[in-house]
Amino acid sequence: MRSLLEGRHADLAGLELRPVDGGWDNRMWRLGDGLALRLPRTERAPLLLEQEHRWLPGLAAALPLPVPVPVRRGAPTARFPKPWLVTTWVPGTPADLAPITAPASAEALASFLTALHVPAPADAPRNPDRGVPLRAFADDFADLDGPLRAVWDDALAAPEWDGPALWLHGDLHPANVLTDGGALVGVVDFGDLATGDPATDLAAAWLLLPDPAAFFEHYAADEATVRRARGWALRRALGLRAIGVAGDEGKHWGKPTWRPAGEAALARLAGLHKVRNRA
């Protein structure tokens, strides 16, 4: 890693490098006190880093929470034939390790998403798994029953998004937000930055917060969008649980800390939390 910096950004090569645990698509090191070095390790990771490098600096200035802003780019070389990034470091603990408990975090998350969810330009990235109609996944959960089946069926029956394609984080789950003392203090991993239906991101109300209803006191969403958001939350919570179970079973791609987060979200959804919607 240090040799990469020496070859491309020699002024940073003397800073302390410390590996950071976690990360799905990228390996990460803390670089000095205020920066992070991110190197791709999956096939899709280079494209995700390129998207962050192109779009996130322009979006970050309007966001009310700290995010990892790309500040340097490493071009592919014979030594490391993939692009890599240096970003700002966002302090905090991932919420799969230290869940959100502070009530004020509902407003903080709502303010963040209100600022992010603005119309995107025509050439902004699209993602076949984010921001799209839920009907694309209609057959994914044939074995659901009880309250969770009711949540899924209601989400599929909700009117589809007919507004402009909005900017989306695309991957708002507990490992991608940071906490301090139970409060939301940062949002990371914008590799799945995409555009489309904001319900994809609004799933975070159930995935992250102990009281999803509190979020919608501060974020204006119509009833149909809330219904779709519950469906997205169910889809993501089941995924979190599955990845957590894989971690418990010792699979190399599994993440044991994701299982409690997924099960907590499923419990919230099964309780059919009512929310107050504002047009």
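Student: How many bridges join strand β8 to β9, and do the two strands run parallel or antiparallel?
Tutor: In this predicted model, strand β8 covers residues 177-180 and is joined to β9 in the antiparallel sense. One of the pairings can be named, since valine 177 has valine 187 of β9 as its bridge partner. The number of bridges that join β8 to β9 is four, and the strands run antiparallel.

Student: Which strands stand at the edges of the open sheet that contains β8 and β9?
Tutor: The sheet has three strands in the order β6-β8-β9, with antiparallel pairing. Each edge strand has a single partner strand, so one side of it is left without a neighbour in the sheet. The strands at the edges are β6 (93-94) and β9.

Student: Where is aspartate 189 found, and is this residue buried or exposed, or something in between?
Tutor: Aspartate 189 has a positive phi of about 55 degrees although it is not a glycine, and it is found in the loop between β9 (183-187) and β10 (194-196). Buried would require under 20% relative accessible area and exposed over 50%. With a relative accessible area of 22%, aspartate 189 is partly exposed.

Student: How many residues of strand β3 are buried?
Tutor: Strand β3 spans residues 35-40 and is mostly covered. Leu35, Leu37 and Leu39 point one way from the strand, while Ala36, Arg38 and Pro40 point the other way, and all are buried. The number of buried residues in β3 is therefore six of six, each under 20% relative accessible area.

Student: Which residue of β5 stands opposite leucine 35, and which residue of β3 is the bridge partner of arginine 27?
Tutor: Strand β3 pairs with strand β5 (residues 84-88) in the antiparallel sense over four bridges, and six bridges join it to strand β2 (residues 26-31), again antiparallel. In the hairpin of β2 and β3, three residues lie between the strands, and glycine 32 takes a positive phi near 65 degrees. Opposite leucine 35 in β5 stands threonine 88, and in β3 the bridge partner of arginine 27 is leucine 39.

Student: At which residue of helix α2 does the kink lie?
Tutor: Helix α2 covers residues 45-60, and its buried residues include Leu48, Leu49, Trp55 and Leu56. The buried residues of this helix pack against several elements, among them β2, β3, β4 and β5. The kink, of about 35 degrees, lies shortly before proline 57, at arginine 54.

Student: What is the angle at which helices α4 and α9 pack?
Tutor: Helix α4 (residues 146-157) and helix α9 (residues 258-270) have their axes 9 Å apart. The contact is made by Pro147, Leu148 and Val151 of α4 together with Leu266, Leu269 and Ala270 of α9, and by class it has six nonpolar, no polar and no charged residues. Angles of 65 to 115 degrees count as roughly perpendicular, and α4 and α9 are therefore roughly perpendicular to each other, with a packing angle of about 80 degrees.

Student: Which residues does glycine 254 touch, not counting residues up to four places away in sequence?
Tutor: Glycine 254 lies in the loop between α8 (223-248) and α9, and at 15% relative accessibility it counts as buried. Glycine 254 and arginine 241 are 13 residues apart in sequence, and their C-alpha atoms are 10.0 Å apart in space. With residues up to four places away in sequence left out, the residues that glycine 254 touches are Ile243, Ala246 and Gly247.

Methods:
Residues are numbered from 1 along each chain as its sequence is written. This is a predicted model: local features need pLDDT of at least 70, side-chain atom pairs count only at pLDDT 80 or more; totals for chains, interfaces and linings use all residues. Side-chain values use heavy atoms; hydrogens and water are left out. Buried means under 20% relative accessible area, exposed over 50%, partly exposed in between (1.4 Å probe, protein chains only). Two strands pair if DSSP finds at least two bridges between them. Axes are lines fitted to C-alpha atoms, for helices over the stretch in contact, and angles run from 0 to 180 degrees between N-to-C directions. Angles under 35 degrees count as roughly parallel, over 145 as roughly antiparallel, 65 to 115 as roughly perpendicular and the rest as oblique. Contact means heavy atoms within 4.5 Å. Ala, Val, Leu, Ile, Met, Phe, Trp, Tyr, Cys and Pro count as nonpolar, Asp, Glu, Lys and Arg as charged, and the others, Gly among them, as polar. The bend at a residue is the angle between axes fitted to the seven residues ending there and the seven starting there.
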